[in-house]
Amino acid sequence: MNTQRLALLSVLAAVCLGLQLLPRPMNLEFTSLISFVTGMAFGSLLGAMLGALVMFINGFLSPYGFAGVVLPFQIVGIVLVGVAGGLYARITTYKWSAGNFMETMVLGASLTFIYDVVTNVGTAVYLASSMPFSEALITALVMGAIPSAMHIVWNAVLFAGVTVPLVNAMQKTLVRRLQV
Amino acid sequence: MSIQRRTFLFAILGLAVWSTAASLTAAYYYTQYVETRRTFEELKSLVINANVQMNYGNETQNWHNETVIAGSTAFDALLTVTTNVEYQTTAYGVFVTSVDGVKNVAETPTSGRAWLWYYWNATTLKWADLLKASDAYVLRPNAAIAWRYESYSYSF
């Protein structure tokens, strides 16, 4: 990895962590987007690692408090987002069109949904100390439906509006084509 | 991957997320409905009906059928009819001084016009005065309360 790419990766990690630790409205987050974009630009492994690192630190320093048993699930969820960014880069031609905006919107919604389901499983593990796991899982999924819906809408808009311009800008910064 | 196949796959993915998230949202609201319904059924036994007569002393008299929480007082019943109430809290309880802008007037030290309240005595079938503050009288189911702006006079 050359210096330019390393610097950009460091900046992305710093921005991602800074935004994640800032007090903000519930379900409004940029970590998924930045992990996804990092996955697109630097490959699935680095996208996943950036997301995992940010979520790990967030688990301890979040303004909402210690994540506890949900932390490993948050990490797994965000790793999936970073990996998906790398996979999406492989099927993208980088000749941007309106289709890419729609695709990133769908991906943003889908990955957020998967992330929320995974973290809700973590919540179910926590709840399972006082009820059967199947009941805890249904409770976690149903009670998390509204925050999840808000999260999905937010990330769908964010992914659709930001992914393509951001990756495009990073392409220009790095001069050469990404993922080469 | 052809464009059509790719578009189809993303459309399926988007629809799958939308339908699942919408189903979960519907399940959430259903559980809220069930919970609210259960709470309502529990609370239903905790509310009572109260009939409140308002007499402004100027031929204006009307009835209000109100639903109040069990344990509410005659004063609470007044507040369900109108929130435009002024009162003083004394050692004996609440003393209403004005309702809907109609204020108590002391014409002499022992007489004047004031807001007084009565309850309907179902045994004697008469309006009765308990000689105590309205917030000290706990309403019974289907209680009838009268708030009247009328003349008073005391003699010692």
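This tour moves through a predicted model, beginning with chain A and its pocket, passing through a cavity, and ending in chain B.

**Chain A as a whole**

Select chain A and colour it by secondary structure: there are seven helices and zero strands, so that a reading along the sequence gives the pattern α-α-α-α-α-α-α. If you then colour the 180 residues of chain A by burial, 47% of them come out as buried. Among the contacts in chain A with a separation of 6 or more, 75% are accounted for by residues 24 or more positions apart.

**The largest pocket**

Next, select Met26(A), Asn27(A), Val70(A), Gln74(A) and Thr119(A), which are the closest to the centre of the largest pocket among the 31 residues that line it. The volume of this pocket is about 830 Å³. To see the helices around the pocket, add α2 (31–42), α3 (44–61), α4 (71–90), α5 (98–127), α6 (133–143) and α7 (145–174) of chain A, each of which supplies at least two residues of the lining. Within that group α5(A) deserves a separate colour, since α5(A) gives the most to the lining, with six residues. Colouring the lining by residue class shows 13 nonpolar, 15 polar and three charged residues.

**The cavity**

Now keep α7 of chain A in view and add α1 (3–44) of chain B, because each of these two helices supplies at least two residues of the lining of the largest cavity. The structure holds one cavity of 30 Å³ or more, and the volume of the largest cavity is about 30 Å³. From chain A, the residues to select in its lining are Phe113(A), Ala145(A), Ser148(A), Ala149(A) and Ile152(A), and from chain B they are Ala21(B), Leu24(B) and Thr25(B). The largest share of this lining, four residues, comes from α7(A). By class, the cavity lining divides into six nonpolar and two polar residues, with no charged ones.

**The second largest pocket**

Moving on within chain B, which strand gives the most to the lining of the second largest pocket? Select β7(B), which contributes six residues there. Then show β4 (93–99), β6 (105–108), β7 (111–121) and β9 (143–153) of chain B together, as each supplies at least two residues of that lining. This pocket has a volume of about 670 Å³. Of the 24 residues that line the second largest pocket, the closest to its centre are Phe95(B), Trp115(B), Leu116(B), Lys132(B) and Tyr154(B). The lining of this pocket consists of 16 nonpolar, five polar and three charged residues.

**Helix α2 of chain B**

Select residues 74–81 of chain B, which form helix α2, and pick out its buried residues, namely Ala74(B), Phe75(B), Ala77(B), Leu78(B) and Val81(B). Looking down the helix, you will find these residues on the same side of α2(B), because they cover an arc of only 155 degrees around the axis. What covers these buried residues includes the strands β1 (47–55), β2 (61–69), β3 (85–90), β4, β7 and β9 of chain B.

**A hairpin to finish**

Finally, isolate β3(B) and β4(B), which form a hairpin with two residues between them. The two strands pair in the antiparallel sense over six bridges. For one of these pairings, select Tyr87(B) and look across to β4(B), where its bridge partner is Val96(B).

Methods
Residues numbered from 1 in each chain as written. Chains lettered and ligands numbered in written order. Predicted model: local features only at pLDDT ≥ 70, side-chain atom pairs only at ≥ 80, totals over all residues. Heavy atoms only, no water. 1 Å grid on protein atoms, 1.4 Å probe; cavity = no way out; pocket = protein on both sides within 12 Å on 5 of 7 lines; lining within 4 Å. Points joined across faces, edges and corners; volume = space filled by probe spheres on them. Nonpolar A, V, L, I, M, F, W, Y, C, P; charged D, E, K, R; others polar. Buried < 20%, exposed > 50% of the residue type's maximum accessible area, 1.4 Å probe, protein only. Arc of directions from axis to C-beta. Contact = heavy atoms within 4.5 Å. Pairing = 2+ DSSP bridges.
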